[in-house]
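Work through the exercises below with the sequence and the model open. Each task is followed by a solution in steps.

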Amino acid sequence: MNQLPDIPKHIAIIMDGNGRWAKMHGLPRAQGHRAGAESVREAIDACKELGVEYLTLYAFSSENWNRPEAEVAGLMLLLEKFLTSKLDDLMKQNVRLHAIGQLDRLPASTLAILNDVIDKTNNNSSLTLTLALSYGSREEITSATKRIAEKIKDGLLQPDQITNEIVSQHLYTAEMPDPDLLIRTSGEMRVSNFLLWQISYAEIVIFDKFWPEFRQGDVFAAVAEYQKRHRRYGGV
Ligand code: IPE
Ligand code: IPE
Ligand code: MG
């Protein structure tokens, strides 16, 4: 697939539909999340094969904290297991792990494993895999605004120096390019507080299938669809 022209540099995915997939199979929601972890591997492998540089996965939103305590705890445990079991592959695949969101809200054990994998993969240089965890775009923009205001208060910045670039630099995503392609599964036509600033000109591809059904071929299909789009950025 590498020879295909115009591969998106950054793909972001809203991994939705684990619960509905489980329900369809008469299983508890937790099984849906477990099955969804397999699809994460598929998405990473597909991005590696295509030469995508950034893959950002919406794994847990700020709003997801409002789910039943047992589901939240199960998701955190699953994340810990995923990270522990995936470290070897990430090293072999030269994938660097990164995370965005209010990470200090994560349980201490989850945060420790997350930081460990981030540290160990820090020098990997092919794909940057970013997990959005306890992530909300409005919180991100609000916290950026606060930090910019602090700088102005401290005399480090003047109000007329605030540009789009300055705002971008204060977001969690400061060091990465904006997503070119946004994928969402399970048919929902909404962005659910994900990367609101950064997806301004992303091409959107929605799959009706649930996240646990998502496979490498779906990434290839989304990229093929992306390559057919004409990105105009407001021009003609
Ligand atoms: C996505 O699947 C996973 C998370 C949001 C953590 P859901 O759990 O939202 O599944 P549905 O949307 O209820 O089917
Ligand atoms: C978005 O899915 C969050 C993640 C995929 C982590 P949700 O299932 O939480 O979104 P809504 O509730 O359908 O908007
Ligand atoms: Mg959902």
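**Exercise 1.** What volume does the second largest pocket have? Find its lining as well.

Solution. The model is predicted.
Step 1. The volume of the second largest pocket is about 240 Å³.
Step 2. Its lining has 14 residues, and Ala30, Arg34, Gly74, Leu78 and Lys81 are the closest to its centre.
Step 3. Two elements, H2 and H3, each give two or more residues to this lining.
Step 4. H3 gives the most, with nine residues.
Step 5. Sorted by class, the lining of the second largest pocket has seven nonpolar, three polar and four charged residues.

**Exercise 2.** Describe the largest pocket and state which ligands take up its space.

Solution.
Step 1. The largest pocket holds about 700 Å³ of space.
Step 2. It is lined by 31 residues; nearest its centre lie Met15, Asn18, Tyr58, Ala59 and Phe60.
Step 3. The elements that give two or more residues to the lining are H1, H2, E2, helix H3 (69-92) and strand E4 (128-135).
Step 4. The classes in this lining are 16 nonpolar, eight polar and seven charged.
Step 5. The space taken by ligand 1 is the largest pocket, and the space taken by ligand 2 is the largest pocket too.

**Exercise 3.** Which residues surround ligand 1? Go on to its polar contacts.

Solution.
Step 1. The shell around ligand 1 consists of Met15, Asp16, Gly17, Asn18, Gly19, Arg20, Arg29, His33, Ala59, Asn64, Arg67 and Leu75.
Step 2. Look for N or O atoms within 3.5 Å of a ligand oxygen. In the backbone, a polar atom of Gly17 is 3.3 Å from an oxygen atom of ligand 1, and an N or O atom of Gly19 is 2.9 Å from an oxygen atom of ligand 1. In a side chain, a polar atom of Arg67 is 2.7 Å from an oxygen atom of ligand 1.
Step 3. Ligand 1 taken alone exposes 380 Å², of which the protein buries 87%.
Step 4. Helix H1 (18-24) and helix H2 (29-50) are the elements that give two or more residues to this shell. The largest share, three residues, comes from H1.
Step 5. The shell around ligand 1 has three nonpolar, five polar and four charged residues.

**Exercise 4.** Repeat the analysis for ligand 2. Which element gives the most to its shell?

Solution.
Step 1. Around ligand 2 are Ile14, Met15, Asp16, Tyr58, Ala59, Phe60, Ser61, Asn64, Arg67, Arg184, Arg190 and Ser192.
Step 2. Strand E2 (residues 54-61) gives the most to this shell, with four residues.
Step 3. Polar side-chain atoms come next. One of Asn64 lies 2.9 Å from an oxygen atom of ligand 2. One of Arg190 lies 2.8 Å from an oxygen atom of ligand 2. In the side chain of Ser192, an N or O atom is 2.6 Å from an oxygen atom of ligand 2.
Step 4. On its own, ligand 2 has 390 Å² of accessible area, and the protein covers 78% of that.
Step 5. The shell around ligand 2 divides into five nonpolar, three polar and four charged residues.

**Exercise 5.** How many cavities of 30 Å³ or more does the structure hold? List the lining of the largest cavity.

Solution.
Step 1. The structure holds one cavity of 30 Å³ or more.
Step 2. About 30 Å³ of space lies in the largest cavity.
Step 3. The lining of the largest cavity is made up of His10, Thr173, Met176, Pro177, Asp178, Pro179, Leu195 and Gln198.
Step 4. By class, this lining has four nonpolar, three polar and one charged residues.

Definitions and conventions. Residues numbered from 1 in each chain as written. Chains lettered and ligands numbered in written order. Predicted model: local features only at pLDDT ≥ 70, side-chain atom pairs only at ≥ 80, totals over all residues. Heavy atoms only, no water. Near = heavy atom within 4 Å. Polar contact = N/O pair within 3.5 Å; in protein donor to acceptor, adjacent residues only side chain to side chain. Areas by Shrake-Rupley, 256 points an atom, 1.4 Å probe, with all protein chains shown as cover. 1 Å grid on protein atoms, 1.4 Å probe; cavity = no way out; pocket = protein on both sides within 12 Å on 5 of 7 lines; lining within 4 Å. Sits in = over half its atoms within 2 Å of the grid points. Nonpolar A, V, L, I, M, F, W, Y, C, P; charged D, E, K, R; others polar. Points joined across faces, edges and corners; volume = space filled by probe spheres on them.
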